[in-house]
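Welcome! Keep the sequence and the 3D view open, try each exercise yourself, and then read the worked solution.

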Amino acid sequence: MYKDDSFHSTKFSTDRGYATSIDMNIYLWKEDIEDGESVMTAEYRPVEYGKDYDVVNNPDKFQLYIDGKEIK
């Protein structure tokens, strides 16, 4: 979805290149964003710390984490 920029509520700018990691807080309701009450966190980060891989051209170099747990 990032590569296609197809998220309904978020648009990503790629004019300076693709992201090298993605961190998100997920909310059930728009109103919860103001209160800071997220229901989970999601992180898409490189397996090797400090590498400049991007999420579009090197997806095999990334790992997804939900609430800090690795998703395989």
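## Exercise 1: Start from a phenylalanine

Phe62 lies in strand E3. Bear in mind as you explore that this is a predicted model.

**Task.** Is Phe62 buried or exposed, and which residues is Phe62 in contact with, leaving aside its neighbours within four places in sequence?

**Solution.**

Step 1. Look up the relative accessible area: for Phe62 the value is 7%. Buried means under 20%, so Phe62 is buried.

Step 2. Set aside the neighbours within four places in sequence. The contacts of Phe62 are then Thr20, Ser21, Tyr44, Arg45, Pro46, Val47, Tyr53, Asp54 and Val55.

Step 3. Pick one of these partners, Ser21. Ser21 and Phe62 are 41 residues apart along the chain, and 8.3 Å separates their C-alpha atoms.

Step 4. Now find the group that Phe62 belongs to. The largest nonpolar core has 7 residues: Phe62 together with Tyr2, Ala19, Ile22, Tyr53, Val55 and Val56.

Step 5. Visit Tyr53, another member of that core. Beyond four places in sequence, Tyr53 is in contact with Ala19, Thr20, Glu48, Asn58, Lys61 and Phe62.

## Exercise 2: An aspartate in a loop

**Task.** Find Asp54 in the loop between strand E2 (40-46) and strand E3 (62-66). Which backbone nitrogen does the side chain of Asp54 reach at 2.6 Å?

**Solution.**

Step 1. Check the accessibility: Asp54 has a relative accessible area of 14%. That is under the 20% cut-off, so Asp54 counts as buried.

Step 2. Follow the side chain of Asp54 to the backbone nitrogen of Asn57, at 2.6 Å. A polar atom of the same side chain also lies 3.0 Å from the backbone nitrogen of Val56.

Step 3. Look further along the chain. Outside its neighbours within four places in sequence, Asp54 is in contact with Tyr18, Ala19, Thr20, Pro59 and Phe62.

## Exercise 3: A patch on the surface

**Task.** Which residues form a nonpolar patch on the surface, and where does Trp29 lie?

**Solution.**

Step 1. Gather the members of the patch: Leu28, Trp29, Val39 and Met40. Together they have about 430 Å² of accessible area.

Step 2. Place Trp29 on the chain, in the loop between strand E1 (22-26) and helix H1 (30-35).

Step 3. Compare with the cut-off. Exposed means over 50%, so Trp29 counts as exposed at 58% relative accessibility.

Step 4. Turn to Val39 in the same patch. Trp29 and Val39 are 10 residues apart along the chain, with 9.8 Å between their C-alpha atoms.

## Exercise 4: Opposite charges

**Task.** How many salt bridges does the count come to, and which side chains meet in a salt bridge?

**Solution.**

Step 1. Recall the general idea: side chains of opposite charge can pair when their charged atoms come close.

Step 2. Count them: the total is 1 salt bridge. Glu43 and Arg45 are the partners, with an N to O distance of 2.7 Å.

Step 3. Check how accessible the partners are. Glu43 is partly exposed at 22% relative accessibility, and Arg45 is partly exposed at 31%.

## Exercise 5: Two more places to visit

**Task.** Where is Phe12, and what is the phi of Asp67?

**Solution.**

Step 1. Go to the segment before E1, where Phe12 is found. At 26% relative accessibility, Phe12 counts as partly exposed.

Step 2. List the contacts of Phe12 beyond four places in sequence: Tyr2, Asp5 and Phe7. For Tyr2 and Phe12, 10 residues apart in sequence, the C-alpha to C-alpha distance is 7.4 Å.

Step 3. Move to the loop between E3 and strand E4 (69-71), which holds Asp67. Asp67 is partly exposed, at 43% relative accessibility.

Step 4. Most residues other than glycine have a negative phi. Asp67 is not a glycine, yet its phi is positive, at about 50°.

## Exercise 6: Step back to the whole chain

**Task.** What pattern does the chain follow, read along the sequence?

**Solution.**

Step 1. Count the elements: there are 1 helix and 4 strands.

Step 2. Put them in sequence order, which gives β-α-β-β-β.

Step 3. Look at the extent. The C-alpha trace spans about 35 × 30 × 20 Å along its principal axes.

Step 4. Finish with burial and surface. Of the 72 residues in the chain, 18% are buried. The accessible surface comes to about 6000 Å², and 48% of that belongs to carbon and sulfur atoms.

Technical notes. Residues numbered from 1 in each chain as written. Predicted model: local features only at pLDDT ≥ 70, side-chain atom pairs only at ≥ 80, totals over all residues. Heavy atoms only, no water. Helix = DSSP H or I, 4+ residues; strand = E, 2+ residues; numbered from the N terminus. Buried < 20%, exposed > 50% of the residue type's maximum accessible area, 1.4 Å probe, protein only. Polar contact = N/O pair within 3.5 Å; in protein donor to acceptor, adjacent residues only side chain to side chain. Contact = heavy atoms within 4.5 Å. Patch = residues over 30% accessible without salt bridge, like charges linked within 9 Å, V, L, I, M, F, W, Y side chains within 5 Å. Areas by Shrake-Rupley, 256 points an atom, 1.4 Å probe, with all protein chains shown as cover. Salt bridge = Lys/Arg side-chain N within 4 Å of Asp/Glu carboxyl O. Core = buried A, V, L, I, M, F, W, Y, C linked by side-chain atoms within 4.5 Å.
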